[in-house]
Amino acid sequence: MSRGGGKGPSLKDKLDGNELDLSLCDLNEVPVRELAALPKATILDLSCNNLISLPSDFCSLMHLVKLDLSKNRLQQLPLDFGRLVNLQHLDLLNNRLVTLPVSFAQLKNLKWLDLKDNPLDPVLAKVAGDCLDEKQCKQAAVKVLQHMKAIQSEQDRQRQRKLQAEREMEKKREAEQRAKEAQERELRKREKAEEKERRRREYDAQKAAKQEMEKKTKKETVQARKPASSSRPPQPPRHKHSWSRSVLRVLLFVLLCVLCTLAACKLTELQHQPLCVSVNTLYEDVLAALQNHKTLQNMLQQNSQQ
């Protein structure tokens, strides 16, 4: 067997009944695979070697009943050391252990324990005692198991409290998430309603504009269909104005002719002609009739004076 670990048939050579002695072999590591192939070796002595740690698969050697790891340099035991549930005798004398793994509490069959000459935590050292004789070592096993069970229970309670706190936190987060989702749904619903109202207003405005445009178009169409009623009425005044102007021109022409005739009958040699005699007689009759009116008399006086 080499110093790196026991291999092959050499382990079987050291097997004496159910006891395998690997002490004083200058081992740096435990030959776990070879030990697992020897389930009959329920008593294992690994004392007085150079072991600093045990591999995690060492805990698979569940057939071990008695284990001697004394006088090594172990600083800690594997976390699942408690898997060695059949272990009854454990010697950890003169190592460098400060604490034990919590799983140590699972070694329910442990009857004998020696933790002397280790830099143990003061509380654990007080619980373990001195282990100077068989009775003290048995008491050490009982007390250490009780101590580790108390630590395990406390850790379990802490774990439960932590899990409970995590569950409460998770519930709180879920409640907050549900509230947030509800708020977001309400916001989307409100935004949807506002958008619908906006589109409705736009629709109403477009409809009103369309109706106004239709009314305007209809009015323009009606006006376009009845041009006579809108364009012809202004024309008669123009025709009437033109007719009045023509009548006025005719009257002025007649008056001018009358004045010319009267002047010719008054001022020329034609005044003795029968026509002029009639004209002069008519002029004097009209003038006499007009003089009967006071206003005309005043006007005639003013004209006479002038």
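D156 is partly exposed in this predicted model, because its relative accessible area of 31% falls between the 20% limit for buried residues and the 50% limit for exposed ones. Its side chain meets that of R159 in a salt bridge, with N and O 2.5 Å apart, and this pair is one of 12 salt bridges counted in the structure. The chain that holds them has 306 residues, of which 24% count as buried, and its secondary structure comes to 8 helices and 6 strands.

**Salt bridges in helix α4**

- R159 and D156 both belong to helix α4, where they sit 3 residues apart, about one turn of the helix; R159, like its partner, counts as partly exposed, with a relative accessibility of 42%.
- E154 forms a salt bridge with R157, the closest N and O atoms lying 2.7 Å apart, and these two residues of helix α4 are likewise 3 residues apart, about one turn of the helix.
- Which class of exposure do E154 and R157 fall into? E154 has a relative accessibility of 29% and so counts as partly exposed, while R157, at 41%, also counts as partly exposed.
- The side chains of R198 and E195 meet in a salt bridge with an N to O distance of 2.3 Å, and because they are 3 residues apart in helix α4, about one helical turn separates them.
- R198 is partly exposed at a relative accessible area of 31%, and E195 is partly exposed at 32%; together with R199 and E202, these two residues are linked in a network of salt bridges.

**The sheet**

- The 6 strands form an open sheet in the order β1-β2-β3-β4-β5-β6, and their pairing is mixed.
- Why does one side of β1 and of β6 lack a neighbour in the sheet? β1 (15-16) and β6 (112-114) stand at the edges and have a single partner strand each, so one side of each is left without a neighbour there.
- β1 pairs with β2 (residues 19-21) in the antiparallel sense over 2 bridges, and within this pairing L20 of β2 is the bridge partner of L15.

**A histidine in a loop**

- H63 lies in the loop between β3 (43-45) and β4 (66-68), and its side chain reaches two backbone oxygens, that of L38 at 3.5 Å and that of A41 at 3.4 Å.
- Leaving aside neighbours within four places in sequence, the contacts of H63 are L35, L38, P39, A41 and T42.

**The nonpolar core**

- The largest nonpolar core has 41 residues, and those that touch the most other members are L46, F58, L67, F81, L100 and F104.
- Two or more residues of this core come from each of α2 (32-36), α3 (122-128) and α4 (134-225), with α4 giving the most, at 4 residues.
- L46, when residues up to four places away in sequence are not counted, touches L22, S23, L27, V30, L51, F58, L67, D68, L69 and N72, a list that includes F58 and L67 from the core.

**The chain as a whole**

- Read along the sequence, the elements follow the pattern α-β-β-α-β-β-β-β-α-α-α-α-α-α.
- Among contacts between residues at least 6 apart in sequence, 34% join residues at least 24 apart.
- The chain exposes about 21,900 Å², and carbon and sulfur atoms supply 54% of that area.

How values were computed. Residues numbered from 1 in each chain as written. Predicted model: local features only at pLDDT ≥ 70, side-chain atom pairs only at ≥ 80, totals over all residues. Heavy atoms only, no water. Pairing = 2+ DSSP bridges. Polar contact = N/O pair within 3.5 Å; in protein donor to acceptor, adjacent residues only side chain to side chain. Contact = heavy atoms within 4.5 Å. Core = buried A, V, L, I, M, F, W, Y, C linked by side-chain atoms within 4.5 Å. Buried < 20%, exposed > 50% of the residue type's maximum accessible area, 1.4 Å probe, protein only. Areas by Shrake-Rupley, 256 points an atom, 1.4 Å probe, with all protein chains shown as cover. Salt bridge = Lys/Arg side-chain N within 4 Å of Asp/Glu carboxyl O.
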